[in-house]
Structure formats: C-alpha cells, structure tokens
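The following exercises concern a ligand site and a helix pair. Each task is followed by a solution in steps.

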Amino acid sequence: MDWKAISKSTGAWPVPPNLLNYKETRASFSWKDAWQLLDGLPQNRGLNIAHEAVDRHANGGRRDHLAIRWLGKQGEVFDFTYGDLKQLSNRFANVLQKLGVGKGDKVFVLCGRIPDLYIAALGTWKNGSVFCPLFSAFGPEPIFQRLRRGEGKLLVTTERQYAQKVAQQRPNLPHLQTILLTDVYENISEDVLALSEQMTAVSDQFTIPPTDPEDVATIHFTSGTTGMPKGAIHVHNAVLTHAVTARYALDLHPEDVFWCTADPGWVTGTSYGIIAPLTLGVTNIIDEAGFDADRWYHILDEQKVTVWYTAPTAIRRLMRLEFDPLAQYDLSHLRFVASVGEPLNPEAVVWGQEVLHKTIHDNWWQTETGGIMIANYAAEEVRPGSMGRPLPGIQAAIVRRIDDKHVEQITRPHVDGELALKPGWPSMFRGYLHEEARYQKCFVDGWYISGDLAMQDEDGYFWFVGRADDIIKTAGHMVGPFEVESALMEHPAVAEAGVIGKPNPVIGELVKAFVALNPGYEPSSKLNLELLGFGRQKLGSAVAPKEIEFKQDLPKTRSGKIMRRLLKAWELGLPEGDISTLEED
Ligand code: ATP
Ligand code: MG
C-alpha cells in the first residue's frame, strides 16, 4: 500500500492511516489481540477507564504531554498534561472517598464544558463510582427525573445551577447526599460544599481499587429523539472499543490534536470527547463555548487541529454560510474529519470536499452501542450518503423480523431492513436503567436490533434509511425520511429538511416535508411549487413530498437531531410527549 499517496488524497499529513486495508484488518482482527492497546491495572487488578485514559500515560513517557487544552468562553486557555490530570483526578477520587461515595455509587455532573467536569469524570471512574453526566442546559424537571431514576448520591454543579434547578427538589431526592459546587470557595452548608476546598484538603496520591471490566462505569441517557430518554448502562470494558475505534474510525495517532465538538452530556462527548482520545494519549481540545462558525474555524486554525469529530447539524450550519473558510483560515493541519449523530446528507460530503477540501467521514453508532460501530475509513473509498462499513470486530447485518422471536438476515443488496449487530462487543450497553424488559426486547434471535432501518450495497457499505419509528408507509411504498430530506437538500434554497408521514385515508400516509431555507431565500408559494417539482423530479412521484411547509428552524434535540416525532405531533395536533431534550433557541 502506498500510504504517501493515500495521505495526499486524504488531505496530507505524512502518517500512514492506522487502517490501511479494510478487508485485511477485519480478517485478522480479534478483541483478544486488541487488548494490547490497553495497559490494565497494575498487579492484574483489572481494567479501569481512568487508568487507561490518564495514569498509564502519566506514569510513563507521556507524563508531560498535553492531554487537554481547554478554551474558555472568554478566551482563557488552560493546559493540562497527563501528569496534571493524574493528580487532579486522584484528588477528586480522594474527595469521593472522604465523602463516603464508593464503588457503584452514582456521581452526577451538571455543568458546562469546564475543566471540573473532566476531572470529576476521571476521578469518578478511578474511584469505581459511576459517572452520570447531565446536559447543562436541562431545566429542573429533566434534571430531577434523571437524578431520581439514577439514584444520584453526589452532584457536581455550579452555584446557580444548584439554586435554580436542584435545591427545590432536594427533599424529593433521598439518595442525594452531597453537592459539590465548582464556583464557590467556601462551604455553604454541611452538605453543599466548595469543590476547590475539598480538593485542596486531600492528597494527590490515589491507588485505583481493583476494577472488574464488567463493573458499571457510566450511565448515559439517550437523546430522546423518539420518546422518553432511556438510561443506558455502560461498563469499564467499553474502553477497549474506544481505543480500537479511535484508531480505526478516527485514525488517531499519538501526535494528533483532536477536537470532538460533542458535549459530554451525550454519549459522543464522553466516549470521544474524553475517553478515546486520552486513552490513545493524544492532545484533546475542549471548547467551552457553543457553536459559532467563526470561532470554530478559528479553533481549527489556531490550535492546528488534525482530527475533527463533529455532527451533521453543525456541518449544515457551516454550509449555510456564504463565505469561503479557506480564504480566511489555515486548515492545512486538518487531516481527518468525521461526523456522527444523524444521517450525513451526500450534499454535505460534497460540500466538505469542495469547500473544506476534506472528505467528511460519516460513522454510525448509538448510546446503546457505546462506541462507533460502522464507519468510513481514512484509506478507504467514501461513498457519499453511506455510513460506511462495520468496524473490525463488529458484525452488522440487515435483518427482517419473522415473528417476536425470530429474524432472518437479508443478504440481497439494496433491500431495507432493521440494522442489527451481533452482541458481544466490549462497549455494548449492559442494561437500561430500571427497564430490564425493554433491554431484553432489544435482543432477538441472537441479534441486537438497533431500531434503525438501513440497507447494504453489494460491497458491504451500509446506507441509513430512517429510524423504524419514522418510516413512512405511502401508497404501498416504504419511504425513509433520509432519502427525501437529502434530495430536497440538493436544492440551493434548502438548508435543512425534516420529513414525516401524515395519515391519509387514501394512501395511508402522505409524505410531508418541513423545510428551513438558506439565507437569501424567502418562503413563497412559488418556491413551494418549485420544491414540490424538484422533489418529484429527483425522487419520482411515489416517494416525493406531496406537501411542503416552510419553517424558520426545525425542532432538534439538544444533541442536534431533528425531532420528526415533534413535527408530526404538531402537524396532527397530538400531545408533544417528552420534550426534555428539545433544544430551545
Ligand atoms: P432515543 O433513543 O432516546 O430516541 P436517540 O436514538 O436519538 O434518542 P442517541 O443514542 O444519541 O439517541 O442516537 C443514536 C441514533 O442517532 C441512532 O440510532 C441513529 O438513529 C442516529 N444516528 C447516529 N449516527 C448516525 C448516522 N451516521 N447516520 C444516521 N443516523 C445516525
Ligand atoms: Mg435511540
């Protein structure tokens, strides 16, 4: 393999991609061998995420390597080496010990992307306690629900968040014993304490207790796109998937500067915003601020980011802008760009190639899978609109349900079915919090059924069709919203589209599209007709939308996913259901 030629074609940085040949790597891969990527706790005391992410580097040659560069909203920059992170997370683990928080106890963290969050996460894992992140913009009710369902014993948060969102419900949270505030410097009461005071009062030495790979490490609530968020339970063993996928799907190399834009309130922000990059010993950029095109391009330029992991919503927002980023910013260090969370429209891949001069590599996974399962790879062909192919060690298939207990595998290419995975990969969720029956229902006939519909092409690339819940049945056809949305997005006026099925007595469901326009376009009946015609021409009349409605913005989860169920509820005048994760702005 001529890796220099590959580097050239993928954007240039003279390192060979970790995965040079998909088929060969896949054929020779075993999870057992992959353990070589990890260290394990000394004296065979097991496997702990924080040891893999921090201590083993701090104890070795990467002690002074930059682990986290934190960029504050106001322009502050704080650097943490692996050695720094070791000491700080040791202190946090000692604080937990002192406060009687032990193995299996739940530590919730409710704050923005501030350094305390990362230190708390690592210290929690060190202590054998369970890290439970809460997205910082949640209101009081979703916070209360999650703290109650998760039986949170300790909460790390800010003074304002505590006062405004938690204090009132304290009497109804019997498990919650201690609150640690990140931004006060004196304890407020016996159980509302200043984190900094606690941290300085304890030692910076800590020995990680024996940790079984199957010990629970993290609880992540799903995005709530299709209904009430579920609490997915994850174990320390997940770090093996994180290490493997960071190498193969994100192509991380030791000298990389990596930026994952996801918030740790969601699984991507924890698995790939904390665990994976640190486990590989790279430099991890953390930006406290939210999306801002100029700021983001500036970060990519100034921090010399080499690998960037972001999401389709952000990419679509960048696509809306009418300026040429390469004329203003130097993105020449950027070697690899990946995206997750929603289908990445082919149009977005083309935009990446034309405007950023980078191919955006889509990959697919879920809160439940704990890590990337299907991906496009640096050295392999990217087919715009495809999620790529299963990671080495992952067996994925398209299946059809025969009955409650049986499925059959669809091997013919281009036939839709449910996207399923063979259980057994290390980061698989081990349960839904308090919902054992629901967990069991995900497994049928030896497969984990993801709830997404997809198809495979003749070369084994997977193509997303839609979520099982969003599939539209119209005049005898099954229509996946993604196909319709992607076609509409090819029209220059369309920035974003969300497609639903609207009950119709004649054809079952009618395909209706909600469309947000690009700057410079105004809603009009002329444009409406034009888009209907455009859809028909692209998709044929059976699949094309029959109705189009303009919207300023589409409703999205806080993790950036279009909430089609909400578009549908609004359209039909039905109750909205759980909207705790709806983005408000
Ligand atoms: P909930 O399960 O509460 O409805 P959610 O499924 O949106 O929420 P997550 O686990 O955060 O919660 O998201 C995983 C889902 O996101 C996948 O099941 C899939 O529908 C979608 N998704 C993720 N990556 C991709 C991708 N590359 N292409 C298409 N869809 C994707
Ligand atoms: Mg889901």
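**Exercise 1: The shell around the ligand**

Six nonpolar, nine polar and seven charged residues make up the shell around ligand 1. The model is a predicted one.

Task. Determine which residues come nearest to ligand 1, and which polar contacts ligand 1 forms with G224, P343 and K561.

Solution.

1. The shell holds 22 residues, of which T222, G224, T225, T226 and T367 come nearest to ligand 1.
2. A polar contact requires a pair of N or O atoms within 3.5 Å. G224 meets this cut-off through a backbone N or O atom, 2.7 Å from an oxygen atom of ligand 1.
3. The side chain of K561 places an N or O atom 2.9 Å from an oxygen atom of ligand 1.
4. For P343, a backbone N or O atom is found 3.4 Å from a nitrogen atom of ligand 1.
5. The exposed area of ligand 1 taken alone is 630 Å², and the protein buries 96% of that area.
6. Two elements, β14 (360-364) and β23 (462-467), each give two or more residues to the shell. The largest share, three residues, is that of β14.

**Exercise 2: A helix crossing**

Task. Describe how helices α5 and α6 cross: at what angle, with which handedness, and through which residues?

Solution.

1. Helix α5 spans residues 82-98 and helix α6 spans residues 115-126; their axes come within 7 Å and cross at roughly 65°.
2. The handedness of the α5 and α6 crossing is right-handed.
3. On the α5 side, the contact is made by L85, K86, L88, S89, N90, F92, A93 and L96. On the α6 side, I119, A120, L122, G123, T124 and K126 take part.
4. Sorted by class, the contact of α5 with α6 comprises eight nonpolar, four polar and two charged residues.

Conventions:
Residues numbered from 1 in each chain as written. Chains lettered and ligands numbered in written order. Predicted model: local features only at pLDDT ≥ 70, side-chain atom pairs only at ≥ 80, totals over all residues. Heavy atoms only, no water. Near = heavy atom within 4 Å. Polar contact = N/O pair within 3.5 Å; in protein donor to acceptor, adjacent residues only side chain to side chain. Areas by Shrake-Rupley, 256 points an atom, 1.4 Å probe, with all protein chains shown as cover. Helix = DSSP H or I, 4+ residues; strand = E, 2+ residues; numbered from the N terminus. Nonpolar A, V, L, I, M, F, W, Y, C, P; charged D, E, K, R; others polar. Axes fitted to C-alpha atoms, helices over the stretch in contact; angles between N-to-C directions. Left-handed = near helix turned anticlockwise from the far one by under 90°. Contact = heavy atoms within 4.5 Å.
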